[in-house]
Amino acid sequence: MTTIEELNPELKGIGRYEYGWADSDSAGASAQRGLSDAVVRDISGKKSEPDWMLDLRLKGLKLFGRKPMPTWGSDLSDIDFDNIKYFVRSTEQQAASWEDLPEDIKNTYDKLGIPEAEKQRLVAGVAAQYESEVVYHQIREDLEEQGVIFVDTDTALKEHEELFKEYFGTVIPVGDNKFAALNTSVWSGGSFIYVPKGVHVDIPLQAYFRINTENMGQFERTLIIVDEDAYVHYVEGCTAPIYKSDSLHSAVVEIVVKKGGRCRYTTIQNWSNNVYNLVTKRATCEAGATMEWVDGNIGSKVTMKYPAVYLMGEHAKGETLSIAFAGEGQHQDAGSKMVHAAPHTSSSILSKSVARGGGRTSYRGLVQVNEGAHHSKSNVLCDALLVDQISRSDTYPYVDIREDDVSMGHEATVSKVSEDQLFYLMSRGMEEDEAMAMIVRGFVEPIAKELPMEYALELNRLIELQMEGAVG
Amino acid sequence: MTDTPVGDAVETVESGTIRSHLNPPPSYDLADHPVPVGTEEVWRFTPLKRLRGLLDGEPSEARLTQENSVPAGIEVSHITAEQAREIGEVPPSERPAALAVSLAGGATLVDVPAEAEIDEPMVVDLSGDSVDTRVWGHTVYRIGNHAKVTVVVRHTGSATYCSTTSFLVGDGADVTILSLQDWADDAVHLGRDAIRVGRDAKVKHTSISFGGDLVRMHANVEYDGPGGEAELLGLYFADAGQHLEHRLFADHTAPRTKSRVTYKGALQGQGAHTVWIGNVLIRKVAEGIDTYEENRNLVLTEGCQADSVPNLEIETGDIEGAGHASATARFDDEQLFYLRSRGVSEKEAQRLVVHGFFNDLIRRVGIPSIEDRLLETVEAELARNVLKES
């Protein structure tokens, strides 16, 4: 078989980049580009999956071909589905402890600051996704004793097939949308979490994802089940080095929160500026359950992401906190979707976005109140900050109310950084960059304070990086 | 074509066009406005079946009965559709307006000379007596520089009516417009008021809808120079089975312009449906914009549906301020409780709450002779339903 390097000699020259970095690429060489029946069968075969999963994958492939590309939101016409590797197996086996990880992978994570977090026991277990399979995975023993399952999704299919089959694809059906169908057909990796009845997981479960092979699609699949009266906070973050051609990231996250349970899902997405990030995230809430999405979008070329909560039982509650930064060449089309399907349900969406350098941020949200969902309440707040003349900000808040006894509120403001604010800070001896970053930090503070501490620090660093050279 | 946001921005500046899926580009060519099927973003709230074929379009000589009260100094004449175009009316951006322009058989031109200050309002009374014939209306108001005028257009009776009206407001002019839809229960009305605001001019436009089976009104504003101000007010009261739709579009085409939108509505009875769409577009050239939109809906009984969608599209970072707010709710139980604890009966308390809800808006209409009658109409609407039930 011809290797990618032979086909594309110029790739050899891509070693180090000024702003991005990439490890030597050995896993990607054997992966095929393009999507076909054979590729899907091959993925399933390599993983020795049961037949029902293969059938589901093939069904996903068929629906992917049939579903139309979305015509709203961002321009997706540049995605070349034939030029993407759909499965890349890491050449390394799963490692049992940090020391066992290969040197270059360790270096990758050092730059992301994982070992420190591990040392300080800030995270309960790290499922670090390196290429398509999880190579490092650890759960604290006390969690295991409580019956909490926290493994990568491939392992979950092998070891907990019954539980897996019961929930997989129930929140987001195979044919939900084009990219969910694609994910179903080629998914690999992701996290699987089960929290048994009444168990309260005190520390956030954390996983890092990285794309590390050029043109490799990352199609992780995450499934979280929070049983009655249980609680878990899952934290996902991702960064990627810069590559030459466009990458596609299309994940599916399904969450089931049972009666009285509570789940919080925190993401800070910082893909490099050539990644199409098209993600389907959805949770269902039974009676009295709470789902909270904390969603940060900083990187990527295009992000289309609308975490959804289906409020299926009385007094269920959904909440989304969303921040987006769009710099040069970026379009962050983010928002949230709340579906009220039962009485006395409540939802709230708080969105903050910052656009600079010709970037574009869009808030796109839907609040739907179905017939019978009386006494529902919903509140939507969107604030946008523009720091220069060439950036763009849009707000598209859709509301669909089919019930009369409902209280619905929506408010949006768009503002620019005022000269008064800058003048005041600069008269106190601050550089303009610094002052700008401080104003932006203040603007996103209501959401930043909801983040785990190390994430809030990372976010602040990222804001400073984003604001460098934003003025002048 | 470029596909990056930066490319878009450059392209926008160069060509003066913008991609906005909410607001199709204007055109006189009917082929550019295909017959809607109902799934289009701009049509998805409207029950097309109840339009009685108003979108298919055939020429009609039928007219509404018209009684004008024209104050001295204003001239009314009839012109051809071509002349209306030459005058520089606002071109149609949707099928109903395009149909009205091409099928009405000419337009009415109302001329208000420059510098004229006319205190007495011009009142146009339009009424119909049948829903069987389709009627097309095409009007152009040309208001000279620094003129001051008030225009009231009142719709009553039964009709299947499609109208487009341009208000070309000269530099520094001060114009107050009121469009009142007080139709009989079987009327269908698709209307568009398109306003072009001159440099430093001030326009106040109020749209009030009480009657009709289906009423879908557009109020569009664009600016011909810097410093223009537009205040768009609206009030609607939907009863059982009524569909009342109001679509606003403030297109900030010039720097330092201002728009303020306040629409308030009440709904009562099975199948009452109101739609409010507020679109604001701030173009690249339009720096220093100040805009705020607000929609409030009060749901008085069960079985009503209120849709409210404020959209903001902003192409430049140099703005004074932009925002919108929308809320839909039932009676405030605390307000009712407070009033009842003061010995006010429940139905009187409800009446007072609705009265207070609309009162400040009505006081802003700016036409004293109309304001009191509007309050009376609101009271009469309330008497029809809420008071009867409780």
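**Figure 1. Surroundings of helix α3 of chain B in the predicted model.** The elements that cover the buried residues of α3(B) include α2 (81–87), β4 (122–143), β5 (148–169) and β7 (188–197), which belong to chain B as well. Because seven of the nine residues of this helix, which spans residues 95–103, are buried, α3(B) is largely enclosed by the rest of the structure. The buried positions are B:R95, B:P96, B:A97, B:A98, B:L99, B:A100 and B:V101. After the helix comes B:G105, a residue with a positive phi near 70 degrees.

**Figure 2. Strand β1 of chain B and its pairing with β4(B).** In contrast to a buried element, β1(B), which covers residues 65–69, is hardly covered, and the count of buried residues among its five residues is zero. The strand runs antiparallel to β4(B), to which five bridges join it. Within this pairing, B:N68 has B:V124 of β4(B) as its bridge partner. β4(B) is also among the elements that cover the buried residues of α3(B).

**Figure 3. The side of chain B that touches chain A.** Chain B brings 35 residues to the contact, and chain A brings 39 residues. On the side of chain B, at least two residues are supplied by each of α1 (5–15), β15 (305–314) and β16 (321–329). The element that gives the most is β15(B), with ten residues. Sorted by class, this side of chain B holds 15 nonpolar, 13 polar and seven charged residues.

**Figure 4. Strand pairing across the two chains, between β21 of chain A and β16(B).** Strand β21 of chain A, made up of residues 406–416, runs antiparallel to β16(B) and is joined to it by seven bridges. In this pairing, A:A412 stands opposite B:H324, a residue of β16(B). As a guide to reading such a view, side chains in a regular strand alternate between the two faces of the sheet.

**Figure 5. Chain B as a whole, as context for the close-up views.** The secondary structure of chain B amounts to seven helices and 16 strands. Its C-alpha atoms fill a box of roughly 65 × 50 × 45 Å along the principal axes. A compact globule with 390 residues would have a radius of gyration near 21 Å, and the 21 Å of chain B therefore agrees with that expectation. Of the 390 residues of chain B, 49% count as buried. Where contacts in chain B link residues at least 6 apart in sequence, 85% of them join residues at least 24 apart.

How values were computed: Residues are numbered from 1 along each chain as its sequence is written. Chains are lettered from A and ligands numbered from 1 in the order in which they are written. This is a predicted model: local features need pLDDT of at least 70, side-chain atom pairs count only at pLDDT 80 or more; totals for chains, interfaces and linings use all residues. Two residues are in contact if their C-beta atoms, placed from the backbone, lie within 7 Å. Helices (H or I, at least four residues) and strands (E, at least two) are DSSP runs, numbered from the N terminus. Ala, Val, Leu, Ile, Met, Phe, Trp, Tyr, Cys and Pro count as nonpolar, Asp, Glu, Lys and Arg as charged, and the others, Gly among them, as polar. Two strands pair if DSSP finds at least two bridges between them. A residue is buried if 20 or more other C-beta atoms lie within 10 Å of its own, exposed if 12 or fewer, and partly exposed in between; C-beta atoms are placed from the backbone. The radius of gyration is taken over C-alpha atoms; the globule rule is 2.2 Å times the number of residues to the power 0.38.
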